[in-house]
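Here's a quick walk through one protein model, helix by helix. Have a look at the structure first, then read on.

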Amino acid sequence: MDEMPRPHAWRLRENKWRAMRYGLQAELITNNQGETRAIIDDIKLWLERIQPYVETCGYRGYIKILEEIISRGNSAERQRIVWSNTQNLEAAARFNCDEFAAQAPLWSALSLGTAMTK
């Protein structure tokens, strides 16, 4: 496998900040000239690159979760949905704890409304 050169520290810090601030809507800096790419496009690119190793390494389950996050949203987006529907910070925090306990995203709880009524 080809080895990627290590990015400059400023780019790592900036991309970390962008990912924290904008989540799946972030635009990541891809080179030292400042060109950017949508984080979702970057994730998809990396998923293509590692595809030959997914089955061999037993990563199919992890890839499935990543693909669902790309299409359905991350934890922050799910918490915002709970907040939007309840205007209750405790409900949003409880939903986050429920996901942590389940060790999996609880998209079905959002679509069924169960997270909104606790």
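## What's tucked away in α2

In this predicted model, the buried residues of helix α2 are Ile39, Ile40, Asp42, Leu47 and Val54. What do they pack against? Their partners are α1 (9-22), β1 (27-29), β2 (36-38) and α3 (60-72).

The helix itself covers residues 39-57, and it isn't straight: there's a kink of about 60° at Gln51, shortly before the proline Pro52. Right after α2 comes Gly58, with a positive phi near 75°.

## Asp42, up close

Asp42 sits in helix α2, and it's worth a second look. Is Asp42 buried or exposed? Its relative accessible area is 18%, and the cut-off for buried is under 20%, so Asp42 counts as buried.

Its side chain has a polar partner, too: a contact of 2.6 Å links Asp42 to the side chain of Arg37. Leaving aside residues up to four places away in sequence, Asp42 touches Leu28 and Arg37.

## α5 and its two sides

Helix α5 runs over residues 89-102, which makes 14 residues. From first C-alpha to last it reaches 20 Å, close to the 20 Å expected at 1.5 Å a residue. Its buried residues are Ala91, Ala92, Phe95 and Glu99. Looking down the axis of α5, you'd find these buried residues within an arc of 100°, so they line one face of the helix.

And which residues are on the face turned away from that buried side? That face carries Leu89, Glu90, Cys97, Phe100 and Ala101, which are exposed.

The ends of α5 have details of their own. At the start, a side-chain oxygen of Asn88 comes to within 2.8 Å of the backbone nitrogen of Glu90. After the helix you get Gln103, whose phi is positive, near 55°.

## Stepping back to the whole protein

Now for the overall layout. The protein has seven helices and two strands, and along the sequence they follow the pattern α-β-β-α-α-α-α-α-α.

Of the 118 residues, 26% are buried. The accessible surface adds up to about 8,500 Å², and carbon and sulfur atoms account for 55% of that. As for contacts, take those between residues at least 6 apart in sequence: 32% of them join residues at least 24 apart.

Notes
Residues are numbered from 1 along each chain as its sequence is written. This is a predicted model: local features need pLDDT of at least 70, side-chain atom pairs count only at pLDDT 80 or more; totals for chains, interfaces and linings use all residues. Side-chain values use heavy atoms; hydrogens and water are left out. The bend at a residue is the angle between axes fitted to the seven residues ending there and the seven starting there. Helices (H or I, at least four residues) and strands (E, at least two) are DSSP runs, numbered from the N terminus. Buried means under 20% relative accessible area, exposed over 50%, partly exposed in between (1.4 Å probe, protein chains only). Contact means heavy atoms within 4.5 Å. The expected span of a helix is 1.5 Å times one less than its number of residues. The arc is that of the directions from the helix axis to the C-beta atoms. A polar contact is a pair of N or O atoms within 3.5 Å; within protein, one must be able to donate a hydrogen and the other to accept it, and residues adjacent in sequence count only if both atoms are side-chain atoms. Accessible areas come from the Shrake-Rupley method with a 1.4 Å probe; for residues, only the protein chains shown count as cover.
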